[in-house]
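Here are my notes for a colleague coming to this model for the first time. They take up confidence, then the nonpolar core, then the salt bridges.

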Amino acid sequence: MKRLLLLVVTAASLLGADLNGNWVFVWQTPGGERRSTLTFTQDAEKVEALFPDAKEPITGTFRDGKLSLAGRVYSPEAGDAADFRIQGTLSDDELKGTGAWGGHQLTFTARKAH
C-alpha cells in the first residue's frame with residue numbers, strides 16, 4: 001500500500017510539474033563550465049525556452065518528467081549560431097541532462113531561480 005501511495009504522489013508531482021519561469025543552468029562544455037539563465041514558458045506539454053540574448057526560443061516538450069528541446073541558438077561567445085538540443089529529466093526540483101550545440105557535446109544541471 002505504501003508503494004502504491006508513493007507511486008501516485010510521484011506521478012502527480014511529475015504531471016503537475018511547472019517549468020514556467022527562470023531556470024539557472026550550469027553547463028559542462030568542452031571549453032569548461034558555463035552558466036546561463038533560460039526563461040521557460042510551458043503550456044501543457046509544449047515548452048519554449050529563451051536564452052538571454054536570443055531572439056527566438058527553442059521549443060519542445062515536457063512529458064512524464066522528461067524535457068526535450070531543440071532549435072537554433074546563437075552564442076555571443078563563439079560569434080556563431082548552431083543547432084542546439086537538450087534532453088533532460090526533472091527530479092527533486094532539478095533538471096539534469098545532456099545536449100549538443102553544433103558538434104559540441106555537453107551536460108547540464110538546472111534549478112528554478114527564486
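1. Confidence. The protein chain has a mean pLDDT of 87, and 86% of its residues reach 70 or more, where pLDDT is the predictor's confidence in each residue, from 0 to 100. Residues 4-15 need caution, since their pLDDT is below 50, and beyond near neighbours in sequence this stretch has five contacts in the model, a contact being heavy atoms within 4.5 Å.

2. Basis. This is a predicted model, in which local features need pLDDT of at least 70 and side-chain atom pairs count only at pLDDT 80 or more, while totals for chains, interfaces and linings use all residues. Residues are numbered from 1 along each chain as its sequence is written, and side-chain values use heavy atoms, with hydrogens and water left out.

3. Nonpolar core. The largest nonpolar core (a set of buried Ala, Val, Leu, Ile, Met, Phe, Trp, Tyr and Cys residues joined through side-chain atoms within 4.5 Å) has 24 residues, of which Phe 25, Trp 27, Phe 40, Leu 67, Phe 84 and Leu 95 touch the most other members. Strands E1 (21-29), E2 (32-43), E3 (46-50), E4 (58-63), E5 (66-75), E6 (80-91), E7 (94-101) and E8 (104-112) each supply at least two residues of this core, and E6 gives the most, with four residues; strands here are DSSP runs of at least two residues, numbered from the N terminus.

4. Leu 95. Leaving aside neighbours within four places in sequence, Leu 95 is in contact with nine residues named here in full: Trp 23, Phe 25, Phe 40, Leu 67, Thr 89, Leu 90, Phe 108, Thr 109 and Ala 110.

5. Salt bridges. The structure holds six salt bridges, each a side-chain nitrogen of Lys or Arg within 4 Å of a carboxyl oxygen of Asp or Glu. In one of them, the closest N and O atoms of Glu 77 and Arg 34 are 2.9 Å apart, and this pair links distant parts of the chain, with Glu 77 in the loop between E5 and E6 and Arg 34 in strand E2, 43 residues apart. Glu 77 is exposed, at 60% relative accessible area, whereas Arg 34 is partly exposed, at 29% (buried means under 20%, exposed over 50%, partly exposed in between, with a 1.4 Å probe and protein chains only).

6. A network. Glu 94 forms a salt bridge with Lys 96, with the closest N and O atoms 3.6 Å apart, and Glu 94 is buried, at 18% relative accessible area. Salt bridges that share partners join Glu 94, Lys 96 and Arg 111 into one network.
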